[in-house]
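I opened my notebook to record what I looked up in this structure, in the order in which I looked.

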Amino acid sequence: MYAWGTLKPILTTLCQDIIIRILCLLPAVDIISIRQTCKSLHYFTTSKIVWIHALQKVMDNHSISDASYPLREMSRSLLERIALSPHKFMSIVKKRDGGVIEPRFSRGLPRFLSDEEKEILGIPSVGRYDDIFLAVGGRFLATLSREYHSWPGSTLFQIWDLGLEPNSTIECLARELEPWDDLELRLFFPDAEVKNVFYLVSLQTLPET
């Protein structure tokens, strides 16, 4: 579509603020499509505020807590990568057409406790991971572990921050040893407003009588 009497596209004749406002209304994939049209629009799609809005749309659509992504503190490239990640993941799934999808990155959870943690919890290690629950958004993880020989009849709950980057250091945010066994994780999510507050629901399977 062109402006009357010119060969310039109408969109690029608008003032910068209007173009940015338009881009802020678009989903991440459409922003990339516009980026590929011309150099002028490519420049506008590198605005951080555009990608803050793009990622906020993803968070709203998938009920992702603001605790998962501190939008104002994140770099533009990180905002862009995460905003596009659902589309990229679905593209990989479709290309595989039911085949095995190999992970691009692999990380492991720490299995050891500090001397101070051993003393506080009264256990020598984190035991064996028996159950996990990844909160929507992919940043926070809850795990449930047991050790039938060292501390039978108890369950260790742990909450982890996996970070924002594939090479981020995994940080344990909380540990709690509960005097119950045969538990399963059923629900886990961060508070929508309060930082470092999480809700975790577990279910105990009672033996048949």
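**The annotated span**

I began with residues 14–54, whose end C-alpha atoms lie 21 Å apart and whose span is 71% helix and 0% strand. The model is a predicted one, and I keep that in mind for each entry below. An unreviewed UniProt entry annotates this span, residues 14–54, as "domain: F-box", and I note the label as coming from that record.

**Aromatic pairs**

I next looked up ring pairs, taking ring centres within 6.5 Å as the cut-off, and the count came to four aromatic pairs. I wrote out one of them, Phe140 with Phe198: the ring centres lie 5.0 Å apart and the planes stand at 70 degrees, so I entered the pair as edge-to-face, given that planes over 60 degrees apart count as such. This pair links distant parts of the chain, since Phe140 belongs to strand β2 (residues 140–146) and Phe198 to strand β6 (residues 198–204), 58 residues apart.

Are the two partners buried or exposed? Phe140 has 4% relative accessibility and counts as buried, and Phe198, at 18%, also counts as buried, the cut-off being under 20%. I also found that ring pairs link Phe140, Phe188 and Phe198 into a cluster.

**The largest pocket**

I then turned to the pockets, and for the largest I noted a volume of about 1,400 Å³. Of the 35 residues that line this pocket, the closest to its centre are Arg81, Ser85, Phe105, Gly138 and Pro166.

Which element gives the largest share of this lining? I found that it is α6, with eight residues, while α5 (48–61), α6 (76–96) and β1 (128–134) each supply at least two. By residue class, the lining of the largest pocket divides into 20 nonpolar, seven polar and eight charged residues. Domain 1 (10–95) and domain 2 (115–204) each contribute at least three residues to the lining of the largest pocket.

**The second largest pocket**

For the second largest pocket I entered a volume of about 240 Å³. Its lining includes Asp66, Glu73, Arg139, Asp161 and Lys195, and among the other lining residues are Phe140 and Phe198, the two rings that I had entered as an edge-to-face pair. I recorded the lining of the second largest pocket as six nonpolar, one polar and five charged residues.

Where does this pocket lie with respect to the domains? Domain 1 (10–95) and domain 2 (115–204) both give residues to the lining of the second largest pocket, so I placed it between them.

Methods. Residues numbered from 1 in each chain as written. Predicted model: local features only at pLDDT ≥ 70, side-chain atom pairs only at ≥ 80, totals over all residues. Heavy atoms only, no water. UniProt positions renumbered as here; feature names shortened; annotations may be inferred. Helix = DSSP H or I, 4+ residues; strand = E, 2+ residues; numbered from the N terminus. Phe/Tyr/Trp six-rings, centres within 6.5 Å; stacked < 30°, edge-to-face > 60°. Buried < 20%, exposed > 50% of the residue type's maximum accessible area, 1.4 Å probe, protein only. 1 Å grid on protein atoms, 1.4 Å probe; cavity = no way out; pocket = protein on both sides within 12 Å on 5 of 7 lines; lining within 4 Å. Points joined across faces, edges and corners; volume = space filled by probe spheres on them. Nonpolar A, V, L, I, M, F, W, Y, C, P; charged D, E, K, R; others polar. Domains from an automatic or database assignment.
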